[in-house]
Amino acid sequence: MHSPVEQFEIKPIIELNAGGFDISFTNSSLFMLLAMLVGGGFLFSAMRNRELVPGRMQGAAEMMYEFVADMVRSNVGNDGRAYFPFVFTLFVFLLFGNMLGLIPYSYTFTSQIIVTFAMAGFIFIAVTLIGLFKHGLHFFSFFVPQGAPKVLIPFLIVIEVISYFVRPVSLSVRLFANMLAGHTMLKVFAGLAVMISGAGGIAMTGSLLPFLALVGLTGLEVLVAALQAYVFTILTCMYLNDALHLH
């Protein structure tokens with residue numbers, strides 16, 4: 001049985017080098033590109049011939065749009081409308097990236113911590129800059145809890161600052177760890193089913209249990225793929241709300 005972590009290996013497809021830096025186009029890059037193309041292609045196909053009574057694709061696209069719009073409206077308010085295109089693009093990119101990773105022999109780029117941390121770091125810097133541009137130095141009042149006893153304020157400021165700078169770490173690790181663990185489990189059970197069935201004879205019947213577990217895990221992973229795209233996106237909305245409204 002192949003190693004369960006072998007599926008996460010980054011392999012160069014087109015080797016490129018610039019100034020001593022490896023900028024190769026890898027299998028991870030390929031599936032990021034595919035996530036954008038498939039997600040964009042789906043939305044374009046669904047909305048190309050809009051009808052008053054939507055078909056399945058148009059209904060799914062409209063439902064996705066309304067879902068993210070309601071997420072932004074509920075968590076950021078009217079001020080979040082300007083950021084809806086970014087939030088919607090982020091959700092579609094993660095959703096299709098996670099779903100494409102469930103296809104056998106494909107690649108899940110969200111299982112790489114460097115990818116999820118880069119996205120989380122970009123969001124962290126962006127919302128911090130938004131807060132600074134909107135509020136100026138008053139932005140730093142965000143780290144002073146309102147109504148707290150004065151004697152506790154120095155300690156609370158330290159806690160608030162630490163929790164603020166931990167955000168990109170928690171945001172990236174949550175997505176990375178869930179995708180990594182799920183795909184590892186799928187690989188383990190798939191390998192176990194193949195190994196037992198390869199024994200032949202009556203032993204083949206023993207492969208039924210890992211096969212059934214694999215079917216159940218695949219269904220669960222579909223749910224996790226969608227849920228993690230939702231969690232990453234809604235946390236982005238909450239961080240954006242903090243930057244715009246300072247609690």
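This is a short tour of a predicted model, stop by stop.

**Whole chain**

Start with everything displayed as a cartoon. The chain has seven helices and four strands. Read along the sequence, the order is β-β-β-β-α-α-α-α-α-α-α. The C-alpha trace spans about 75 × 55 × 45 Å along its principal axes. Of the 247 residues, 37% count as buried. Now turn on contacts with a sequence separation of 6 or more: residues 24 or more positions apart account for 68% of them.

**Helix 1**

Select residues 27-48, which make up helix 1. Its 22 residues should span 32 Å at 1.5 Å a residue, and the end C-alpha atoms are 30 Å apart, which agrees. Next, colour its buried residues: Asn27, Ser28, Phe31, Ala35, Gly39, Phe42, Leu43 and Ala46. Look down the helix axis. These buried residues fall within an arc of 135 degrees, so they line one face of the helix. An α-helix has 3.6 residues a turn, so residues three or four places apart point the same way.

What do the buried residues of helix 1 pack against? Their partners are strand 1 (12-14), strand 4 (25-26), helix 2, helix 3 and helix 4. Turn to the face of helix 1 directed away from its buried side. There you find the exposed residues Leu37, Phe44 and Arg48.

Zoom in on the N-terminal end of helix 1. Thr26 caps it. A side-chain oxygen of Thr26 lies 3.3 Å from the backbone nitrogen of Ser28.

**The nonpolar core**

Select Met64 and Phe232. These two have the most contacts inside the largest nonpolar core, a set of 50 residues. Six elements to display with this core, each giving two or more residues to it:

- helix 1 (27-48) and helix 2 (56-76)
- helix 3 (84-100) and helix 4 (113-135)
- helix 6 (167-197) and helix 7 (208-245)

Stay on Met64. Leaving aside neighbours within four places in sequence, Met64 is in contact with Phe42, Phe88, Phe91, Val92, Leu95 and Phe96. You have met Phe42 already, among the buried residues of helix 1.

**Two buried polar residues**

Select Asn98, in helix 3. Asn98 has a relative accessible area of 0%, so it is buried. Beyond four places in sequence, Asn98 touches Thr110, Leu175, Met179, Ala225, Gln228 and Ala229.

Move to Ser172, in helix 6. Is Ser172 buried or exposed? With 1% relative accessibility, Ser172 counts as buried. Residues up to four places away aside, Ser172 touches Ile113, Thr116, Phe117 and Ala120.

**Aromatic rings**

Show the rings of Phe, Tyr and Trp. The count comes to 18 aromatic pairs. Pick out Phe139 and Phe143. Their ring centres are 6.1 Å apart and their planes stand at 85 degrees; over 60 counts as edge-to-face, so that is what this pair is. Both Phe139 and Phe143 are buried. Widen the selection to Phe124, Phe139, Phe140, Phe142, Phe143, Tyr164 and Phe165, which form one aromatic cluster.

**Last stop: Tyr105**

Select the loop between helix 3 and helix 4, where Tyr105 sits. Check the backbone of Tyr105: phi is near 70 degrees, a positive value in a residue other than glycine. Most residues other than glycine have a negative phi. Then switch to a surface view. Tyr105 has a relative accessible area of 87%, over the 50% cut-off, so it is exposed.

Key:
Residues numbered from 1 in each chain as written. Predicted model: local features only at pLDDT ≥ 70, side-chain atom pairs only at ≥ 80, totals over all residues. Heavy atoms only, no water. Core = buried A, V, L, I, M, F, W, Y, C linked by side-chain atoms within 4.5 Å. Buried < 20%, exposed > 50% of the residue type's maximum accessible area, 1.4 Å probe, protein only. Contact = heavy atoms within 4.5 Å. Expected span 1.5 Å × (residues − 1). Arc of directions from axis to C-beta. Polar contact = N/O pair within 3.5 Å; in protein donor to acceptor, adjacent residues only side chain to side chain. Phe/Tyr/Trp six-rings, centres within 6.5 Å; stacked < 30°, edge-to-face > 60°.
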